[in-house]
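Colleague: I'd like a close look at one part of this model, and then whatever else connects to it. Take your time with the answer.

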Amino acid sequence: LEVVDFAPEGFCGGTLGFITESQLLRLSRTGLANSGLIVAEVTARAVEPLPATFTGIFVRLDGTEPYDRTPADDPASNPLSPGIPNYNFYSLEVVQRIGYDSFCPDSGVLIAKNKDSLRGNNGGPNAFNSYIWVIDAHPEDINMVDYVKPNGEKVMRTIADYRQLNDALFHAGLDSGSQFEWEDTTNRLHFYVIDRHLNKDGILSYTLGIRSLDGSEPQERGAALQGQSKQKIQGVVTPLSFILENTGKAAKTDPALHPSDAKAYLNSDVYRLSVSVKGKWWSARLLNALAAVEFGMSKTVIVYAGCEEGSSPRATVTLRAVSESDPSKTAMANIQVLMK
């Protein structure tokens with residue numbers, strides 16, 4: 001058993017969990033550059049991980065020094081800066097408002113940089129020991145009242161207030177009220193919040209992806225799209241079905257690339273989806289801009305199309321999919337829609 005402090009102080013308090021090695025997926029930054037993209041599912045940390053899922057994912061910032069390549073900054077002049085770049089690994093976990101997380105302000109995916117120990121402060125004249133730095137999905141001012149003075153004057157939460165992290169979690173999908181990806185260009189990592197799941201007992205889990213911005217992976221990437229035949233539209237919104245196929249091929253990878261056996265999680269690609277429509281007063285939208293599909297498998301992508309009064313009698317809805325691992329691999333498909 002390993003004792004891991006998963007909850008960053010300042011988001012929803014510190015909690016200790018006894019985590020077995022099998023409940024963590026441990027990855028290497030240099031390993032990702034050679035193995036390709038990882039896709040895995042993570043269960044809410046307040047419960048035992050569901051079958052074939054993890055409690056969390058760690059990505060070690062290894063390779064040549066400096067390990068944390070974030071530019072140094074002074075938190076006294078920039079309170080949104082972690083200061084001295086001396087963090088050792090990224091963690092990804094899922095927070096759900098159950099159990100010891102019942103008092104958390106939100107449910108979603110928590111992405112953070114962590115230190116192996118408390119040694120080494122964050123620098124500056126107001127230096128303090130910080131062992132975890134939460135990536136804030138909403139780094140802008142939360143614009144909430146802290147308290148009201150007796151004279152009625154409202155005092156707002158300051159930028160450096162830890163409660164600014166009340167909206168820090170990442171969510172899946174478009175229009176979720178949060179972000180669904182985080183790219184750390186200096187540390188050469190891209191994190192994806194791909195999909196959200198609730199099982200029959202109401203336990204929350206997320207499909208997450210992690211990709212290196214460097215290296216040349218061994219997998220062969222590819223994509224294909226098919227749209228259903230002409231469809232008649234009646235009402236404000238009608239779902240249209242497209243089939244997205246991963247036409248790539250898996251490749252053998254060195255099992256020593258990552259601290260954990262990651263072979264089973266290298267069998268997918270992540271596609272970025274976009275939709276357009278050609279037709280007067282027609283509209284089309286997606287609920288999710290990301291889709292993960294295993295090699296040789298396919299997935300249904302739903303596009304919601306609609307028309308307004310006075311629209312043209314027909315239109316063309318086009319879905320486009322681009323491989324995140326190899327943007328040269330793209331696919332497009334059209335569906336002709338008619339007014340009923």
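Leaving aside its neighbours within four places in sequence, which residues is Leu27 in contact with?

Modeller: Outside that four-place window, Leu27 is in contact with Leu32, Ile38, Ile57, Phe58, Val59, Arg60, Ile210, His258, Pro259 and Ala262; contact here means heavy atoms within 4.5 Å. Before going further, some ground rules: this is a predicted model, where local features need pLDDT of at least 70 and side-chain atom pairs count only at pLDDT 80 or more, while totals for chains, interfaces and linings use all residues. Residues are numbered from 1 along each chain as its sequence is written, and side-chain values use heavy atoms, with hydrogens and water left out.

Back to Leu27. Together with Ile57 and Val59, Leu27 has the most contacts inside the largest nonpolar core, a set of 32 residues. A core in this sense is a set of buried Ala, Val, Leu, Ile, Met, Phe, Trp, Tyr and Cys residues joined through side-chain atoms within 4.5 Å. Buried means under 20% relative accessible area, exposed means over 50%, and partly exposed is in between (1.4 Å probe, protein chains only). Strands S3 (24-28), S4 (38-43), S5 (56-60), S6 (89-95), S7 (108-114), S12 (189-198) and S13 (204-212) each put at least two residues into this core. The largest share, 4 residues, comes from S13. For the labels, strands (E, at least two residues) and helices (H or I, at least four) are DSSP runs, numbered from the N terminus. There's also a second, separate core of 25 residues, and Ile233, Cys307, Ala315 and Val337 are among them. As a general matter, nonpolar side chains in soluble globular proteins tend to be buried together.

Follow S13 and you land in an open sheet of 4 strands, ordered S4-S13-S12-S11 with antiparallel pairing. Two strands pair if DSSP finds at least two bridges between them. S4 and S11 (181-184) are the edge strands, each pairing on one side only. On average, neighbouring strands in this sheet are turned by 20 degrees against each other, direction ignored; the axes are lines fitted to C-alpha atoms (for helices, over the stretch in contact), and angles run from 0 to 180 degrees between N-to-C directions. In the middle of that order, S12 and S13 run antiparallel and are joined by 9 bridges, with His190 standing opposite Arg211 of S13.

Now the loop between S12 and S13, which is where Asn199 sits. Asn199 is partly exposed at 27% relative accessible area. Its side chain reaches the backbone nitrogen of Asp201 at 3.0 Å, and a polar atom of the Asn199 side chain also lies 2.8 Å from the backbone nitrogen of Ile203. A polar contact is a pair of N or O atoms within 3.5 Å; within protein, one must be able to donate a hydrogen and the other to accept it, and residues adjacent in sequence count only if both atoms are side-chain atoms.

At the other end of S12, Arg188 lies in the loop between S11 and S12. Arg188 has a positive phi of about 65 degrees although it's not a glycine, and counts as partly exposed at 25% relative accessibility. Past S13, Gly215 lies in the loop between S13 and S14 (224-227) and is exposed, at 63%.

Arg211 also leads you to Ser325. Leaving out residues up to four places away in sequence, Ser325 touches Leu37, Arg211, Glu217, Arg221 and Asp269. The side chains of Ser325 and Asp269 make a polar contact at 2.9 Å. Ser325 is found in the loop between S21 (314-323) and S22 (330-339), yet counts as buried at 18% relative accessibility.

From Asp269, step to S17 (residues 268-278), which pairs antiparallel with S19 over 5 bridges; the S19 bridge partner of Ser268 is Glu294. S19 (residues 290-294) has 4 of its 5 residues buried, so it is largely enclosed by the rest of the structure.

One last stop, back near the start of the chain: Pro66 is in the loop between S5 and S6, and the peptide bond from Glu65 to Pro66 is cis, with omega near -5 degrees.
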